[in-house]
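Subject: Structure handover

Hi,

Here is the structure I promised to pass on to you. Have a look at it first, and then read on for my notes on what turned up.

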Amino acid sequence: MEDETNLVNKLVLLFVFDKMGMPVTEKTMLEMCASRNSWINYMESIECLGELVDAGFVFKTANDRSIYYTITTSGRECLDSFFTRIPASRRTEIAEFIKENRMTYKRAQEYFRGYYKNEDGSYTVQLKILDPTRTTMELKLNVANRAVAKTVYGKWDSSAAEVYSMIYEKLID
């Protein structure tokens with residue numbers, strides 16, 4: 001029974017990676033599978049992820065900020081052959097959860113924001129758009145006070161794509 005549970009857990013991870021359709025950090029994967037949902041417990045998630053990487057079913061890549069995981073062609077072939085071992089209700093639950101939350105996780109991985117106080121009392125707000133291999137855009141804004149810094153910080157997730165597009169059009173086109 002334990003081997004069957006381990007197999008299903010690995011298939012669940014492959015299913016999650018497949019449905020996400022993008023590289024996913026370990027933090028994101030653990031948040032989805034163990035924290036927000038009870039698909040796999042925390043320790044089993046970490047163990048299964050390592051085994052999937054070792055088997056070549058999941059590819060691991062790193063940048064200066066995070067480690068990302070993505071399903072490989074071999075992982076997809078394995079999933080295609082054995083996905084029916086994941087209970088249909090669990091597959092439906094995972095697919096619906098990812099459909100509803102994918103963009104939130106994508107933004108959390110791609111959009112970085114932070115602010116800090118400068119010696120003169122002003123604040124610097126640091127805003128980034130990242131992908132798994134590089135920084136796509138980085139902005140540092142010097143603002144007058146903490147209230148303005150918090151406002152910019154709070155708007156970044158919903159405005160990042162539009163800001164990037166506007167700057168790109170102005171400078172490139």
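E51 is partly exposed, with a relative accessible area of 28%. This residue forms a salt bridge with K10, and the closest N and O atoms of the two are 2.6 Å apart. E51 lies in helix 3 and K10 in helix 1 (residues 2-20), so the pair ties together parts that are 41 residues apart in sequence. K10 has a relative accessible area of 22%, so it counts as partly exposed too, the range for that class running from 20% to 50%. Please keep in mind that this is a predicted model.

How many salt bridges does a search of the whole structure find? The search gives 3. In general, side chains of opposite charge can pair when their charged atoms come close. Besides the pair of E51 and K10, there are these:

- D18 forms a salt bridge with R76, with 2.9 Å between the closest N and O atoms. D18 sits in helix 1 and R76 in helix 4 (residues 73-82), so this pair ties together parts that are 58 residues apart in sequence. D18 is partly exposed at 26% relative accessibility, and R76 is partly exposed at 34%.
- R113 forms a salt bridge with D157, and here the closest N and O atoms are 4.0 Å apart. R113 belongs to strand 4 (residues 111-117) and D157 to helix 6 (residues 146-172), so the pair ties together parts that are 44 residues apart in sequence. The relative accessibility of R113 is 26%, which counts as partly exposed, and D157 is partly exposed with a relative accessible area of 28%.

Now for the chain as a whole. Its secondary structure comes to 6 helices and 6 strands. Read along the sequence, these follow the pattern α-β-α-α-β-β-α-α-β-β-β-α. The C-alpha trace spans about 65 × 35 × 30 Å along its principal axes. Of the 173 residues in the protein chain, 36% are buried.

Two C-alpha separations give a feel for those dimensions. S74 and T151 are 77 residues apart along the chain, and their C-alpha atoms are separated by 45 Å. S74 has its place in helix 4, the helix that also holds R76, and at 35% relative accessibility S74 counts as partly exposed. L139 and G56 are 83 residues apart in sequence and 37 Å apart in space, C-alpha to C-alpha. L139 lies in strand 6 (residues 135-143) and is partly exposed, with a relative accessible area of 22%.

Is C33 buried or exposed? C33 is buried, with a relative accessible area of 0%. This cysteine lies in helix 2. The C-alpha atoms of C33 and N9 are separated by 9.8 Å, with their positions 24 residues apart along the chain.

Helix 2 comes up again at the largest pocket, which you may want to look at on screen. As background, rolling a probe the size of a water molecule over the atoms shows where empty space is left. The largest pocket holds about 210 Å³ of space. Its lining is made by 10 residues, and T25, K27, T28, A108 and Q109 are those that lie nearest its centre. Which helices each supply at least two residues of the lining? They are helix 2 (26-36) and helix 5 (88-110). By character, the lining residues divide into 3 nonpolar, 4 polar and 3 charged.

Last, the surface. Y42, M43 and I46 make a nonpolar surface patch of about 310 Å². I46 is found in helix 3 (residues 42-55), the helix in which E51 lies as well. The relative accessibility of I46 is 32%, so this residue counts as partly exposed. A residue needs over 30% relative accessible area to be part of a patch, and I46 has 32%.

That is the handover. Happy browsing, and do write back if you would like to go through any of it together.

Best wishes

Note on methods: Residues are numbered from 1 along each chain as its sequence is written. This is a predicted model: local features need pLDDT of at least 70, side-chain atom pairs count only at pLDDT 80 or more; totals for chains, interfaces and linings use all residues. Side-chain values use heavy atoms; hydrogens and water are left out. Patches are made of residues with over 30% relative accessible area and no salt bridge: like charges are joined within 9 Å, nonpolar side chains (Val, Leu, Ile, Met, Phe, Trp, Tyr) within 5 Å. Accessible areas come from the Shrake-Rupley method with a 1.4 Å probe; for residues, only the protein chains shown count as cover. A salt bridge is a side-chain nitrogen of Lys or Arg within 4 Å of a carboxyl oxygen of Asp or Glu. Helices (H or I, at least four residues) and strands (E, at least two) are DSSP runs, numbered from the N terminus. Buried means under 20% relative accessible area, exposed over 50%, partly exposed in between (1.4 Å probe, protein chains only). On a 1 Å grid over the protein atoms alone, a cavity is a set of points where a 1.4 Å probe fits but cannot get out, and a pocket is an open set with protein on both sides within 12 Å along at least five of seven lines; lining residues have an atom within 4 Å of a point. Grid points are joined across faces, edges and corners, and a volume is the space filled by probe spheres set on the points. Ala, Val, Leu, Ile, Met, Phe, Trp, Tyr, Cys and Pro count as nonpolar, Asp, Glu, Lys and Arg as charged, and the others, Gly among them, as polar.
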